[in-house]
Amino acid sequence: MRYPYLFAALLALPLAGCYQEYQPEVDIQPVLCINSIITAGEPVEVEVSRTWLYSDVAGERNHSVPDACVTITANGLPVGEDYIPVEGDQIHILATSQRFGQAEASVTVPRSAQVDTLTVTPRFTDVWYQNDYDYWIIDADFDMSVILTLTDIDKGDNFYHYDCNSYRELSSTETMQWYLSPGTLLYKAVPVFSDHIGLLESVGGADADGFTFFTDRSFANESYTLRLYYHNARIRITVPVDSAAEAIQCGFNFDLNSISPSYYNWVNYVWQTTMGYIGDLGNVGLGEPAPGYSNVSTGAGVVAARAVNRHSISLAPFLQALADSLDALPPSSDLYMER
Amino acid sequence: MRLNILFAMMVAVSISLNARNVTIHAVDRPAAEVFQDLMTQTGMNFGYPANLLDGITVTVSASNQSLKSVLKQMFGGTDIEFKISGDNVLLKRSTLAPVPAHPARSGIPYNRVDTAKQLDEVVVVSRLESPAVETSEIGASKLTAGEITSIPVIFGEPDVIKALQYRPGVSDGIESMAGMYVHGGNADQNLYMLDNVPLYQVNHFGGLFSAFNVDAIRYIDFFTSSVPARYDGRLSSFLDVRTSHGRPDGHHGSVKLGLTSGTFNIGGPIGSRTTYNVALRRSWFELLTLPMVAIMNSATEDHIRFRYDFMDFNANIRHRFSDSTTGFIGFYFGNDELHSGDNSDSDFGYAYCDNDKYDFNWGNIMAQAGVIQRFTSDLSAEFTAAFTRYYSGMSNAESCTIKSNGDTLYSEWSRIKTANSINDLIGRGDFTWRPSDNSTVRFGAGFTLHSFLPSGTRYEYSTGSLNVEARDSTWRYMAGEFNAYIEDDWRISDRIMANIGLHTSLFHIDGRTHGGLSPRLSVCYRPIDGWAVKGAYTRTVQYVHQLSQSYLALPSDRWIPITGTLRPQTADKVALGAYWMSANGEWSASVEGYYKWMHNLVDYRDEYYLRPPLEMWNAALTVGRGTARGIDFMLERTVGPVTGQLAYSLAWSDRTFPDKNQGKTFPARFDNRHAIKLLVNWRINRKVDINVAWVGHSGNRFTLQPQSWEAPDGDQVPLRTSVNNYQLPFYHRLDLSFTVRNSRGYWNFGLYNAYCRRNAVAINRGYKTVTKFSPGVVSVDRYPVFRKVSLLPVIPSVSYTWQF
């Protein structure tokens, strides 16, 4: 939570001030914008648009460039629509328009991160269990410890993105209800997730909630262990008794994506200007305004790349063990376990 | 420098009735200079009208003779009479002299008309006593406490730095803030000294107030273009604030109650050889915030805490050990504290408790002790040992506990603490030697042991069995700095004067030693009486710089020494000036031009904020250069019922950094092309003064980002433009103050921004909403618009000062 008490006091003056609509006299020249998030193993998609005057409502609504022409080269060679990038490819994107000129950007698809070990340990804290009548029901809260050891890609600056999600979609039918959530990640427990947070933001209460991008600056060319703690994870399954064995075949995908520097800089920019004080200070003239991050030649757009390294961990063994232990208890119509 | 301050006072450092035998030899020396010698030797108070000694030179030769005898030698046969009364020496003309009817701009309560009281006035022993046409200094000025007090300021808080913002060539930065950007320099290029000891933190409340309590001040010396060799360590300006020592004739002081703070000041003798002065200032925002917080807390289950205060404390003691030896000790403590947070309790089956605490404190401590020793009538010295400490600490602690039936189900807490400090131990000896009547040589040497802690951060986190502790990799840096200087104030002839000096320094840090050689030269030629033409060259060297992400003075600002690949910042400056003063000293005018080249400047590089904060700070910086040039015009009237000054500056300032603005030169943020400053003091009668201050200048430079592009996530993002590409609209503001005296003190009423000008400090990107009504339908549309951000409307103030 960011709680800007400091600036509530120090920026009391701006609060006493005011905003007046103002039209600065500036000449602008719209330029091309290129956006592309390239994923190794997937086709390349490129969006080309243009910049517009901030106060130009029409430009805000429509900034397409119908005459844009895009050329993609990989490792110096032109590629077609069927091109599938692979790790290590050096991709160059060139967009041209008769009206708005040209823009270009390059990115290298990063090598995939190496995950040495991944250990997931759920600890059930609150369980509702039923295994008679017609339905097999389990409704459990649990904390989950994830220990992921990775080895840095190489000696250079490398950037990563961690993510966790259920690999089975939420579903609900007449005879079945199914829900799985990893709960709340304790971001503070992972120091590298806070690498980007400045001093003032830290002591001002800003935290890394939602930000799971990190760099290898603290473990360059070495191994590093992410110790991740999820709180209030939950699984809820209601199925006919004879479907229980299939229903517990669920779990989580743990992604450790290696990302390009432009990807990291982009998400970092978003954090700094929305959660940090850079944007606040610049907005009221008490600091330098922060321009948008871009690695495109015109200063508009982001061309980034990533390589996904996905590991799936099934919860079935844990659920089965839990059910077995509860089944072993004395017979009862309902079983309720509290930590 | 200010000739016509009506009753300029020179007061001895202590009283000794036995010290009235003096030794002095002078041939055609200015009487004012001889008086300074006499003052030092006798410790007596001298009072005389400021223009009494204009152009008067004296010849005197005396060895261990009584003061009365010496004064007879000096003024025998002239129309100047003197009277020794107790510890005071009064001088006046026996016939009607052209004494101004009213005091100079310091017309505020410090100036009273009856002579007996004049001896109680502010002590003035500045090296800038003589008028500009009689010295070789360029861009130097002296302000007394009275002059500072007379300038209207926000909340009625007299402020040293805001007073200097009215000097030509000084940009004020962000509205209402106590920033100072001198001749195109940066905010960290000004050396602030309290009794010649550096202070790093000179602001309260984010820069809204400066940390110098005017009640504790005698005078300030301010140098911009020609800098005495004694001073170095910053590129742009040197501000030496001299504090009061206390008066020997009894205990006197004042109590002031203002809107934002209260001050208490007292000084006087302790026995016959010792004087003291103590001044305390403290804010009382709590009177406003505590009831507000209590009311807010009474209406909700969440309890917030908020408290902010600042204080500063000055204390001085001087003791005269003998005729030739005086000791002194001084202490300063300035501190800001901000405490805030909230505490929320709830019970939804589980007892849930969430605590957040934010604590900030920052300030400066200074202590010094020294001895002033007069070896002979021509040679004296001041030996000083001092300690100055800048510190800022910030911490944030959060805890969360969930309980059920008294059992803790879950708890987590985290704490981040950061500390930033500089500790300086200083030892110094400063000598003054007068080998002849036409030469005053000042020389000295000193050593400073610096201890820098730019950023020490510790993070702790705990939840259940998990405990995390992390520290950043920045640790303490020790540095040694050696300085030596010599300068000569040389009166080559009646028409030509020069100040020639050299300051040398060595700065050792990180196993490397950096050297600095700072030659100084200023020459004055007086073609005819009342006119002077001057030229100067000054080189300055700076070994520390301040990193700040804002234009406020925040506790997160860090002073960083030169380490790694950084090299000392240097500036070379040439200046030319012409000066005129009317025959009666009523009017004076000057024009000064300068050109300054700054090297090895340090600034944040483009997108520095994307660098990891705990990375070595050098990684976020870029080293470049800057130039500044301009002309300052000044017209002053310092005598009469209406006094004041009118200043105009024409200036350019730019910066070039290889890793900022894509290597292209860009204008400095406070590159104000035209600046006009007007100060008027109208003394209506002995009880009422009106002070008017008007400032207008070209708008500050601003990085306007007029275009947008759509990001991959669909958000609008500002398109990068060149740095400081837009000039904000012309800035102007009028401040007024009225002073009404009574027998016990005086009231001061003020109006800041009297005509409520909404000056722009930024242009930001916002939205306006338009609500449309049609039958059965209400729609709200949002349109993007640029908005002009202004800070302060008209702000009235009132204060009362009780003097005793």
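In what order do the five strands of the open sheet in chain B lie? In this predicted model, the order runs E7-E14-E15-E10-E11, and the pairing is mixed. Strand E7 (140-144) and strand E11 (197-199) of chain B sit at the edges, each pairing on one side only. From one strand to its neighbour, the sheet turns by 25 degrees on average, direction ignored. Inside this sheet, strand E14 (residues 217-223) and strand E15 (residues 237-243) of chain B run antiparallel and are joined by six bridges. Here B:Tyr219 stands opposite B:Arg242 in E15(B).

Further along chain B comes strand E43 (residues 731-741). Nine of its 11 residues are buried, so E43(B) is largely enclosed by the rest of the structure. It has antiparallel links to two other strands, taken here in turn. With strand E38 (residues 688-697) of chain B, E43(B) shares 10 bridges, and B:Asp689 stands opposite B:Thr739 in E43(B). With strand E44 (residues 745-752) of chain B, E43(B) shares six bridges, again antiparallel. In that pairing B:Val740 faces B:Trp747 of E44(B), and a hairpin of three residues carries the chain from E43(B) to E44(B).

Over in chain A, helix H8 (residues 316-327) has 12 residues and reaches 16 Å from its first C-alpha to its last, close to the 16 Å expected at 1.5 Å a residue. Its buried residues include A:Ala316, A:Leu319, A:Leu322, A:Ala323 and A:Leu326. These cover an arc of only 130 degrees around the axis, which puts them on the same side of H8(A). An α-helix has 3.6 residues a turn, so residues three or four places apart point the same way.

Definitions and conventions:
Residues are numbered from 1 along each chain as its sequence is written. Chains are lettered from A and ligands numbered from 1 in the order in which they are written. This is a predicted model: local features need pLDDT of at least 70, side-chain atom pairs count only at pLDDT 80 or more; totals for chains, interfaces and linings use all residues. Side-chain values use heavy atoms; hydrogens and water are left out. Helices (H or I, at least four residues) and strands (E, at least two) are DSSP runs, numbered from the N terminus. The expected span of a helix is 1.5 Å times one less than its number of residues. Buried means under 20% relative accessible area, exposed over 50%, partly exposed in between (1.4 Å probe, protein chains only). The arc is that of the directions from the helix axis to the C-beta atoms. Two strands pair if DSSP finds at least two bridges between them. Axes are lines fitted to C-alpha atoms, for helices over the stretch in contact, and angles run from 0 to 180 degrees between N-to-C directions.
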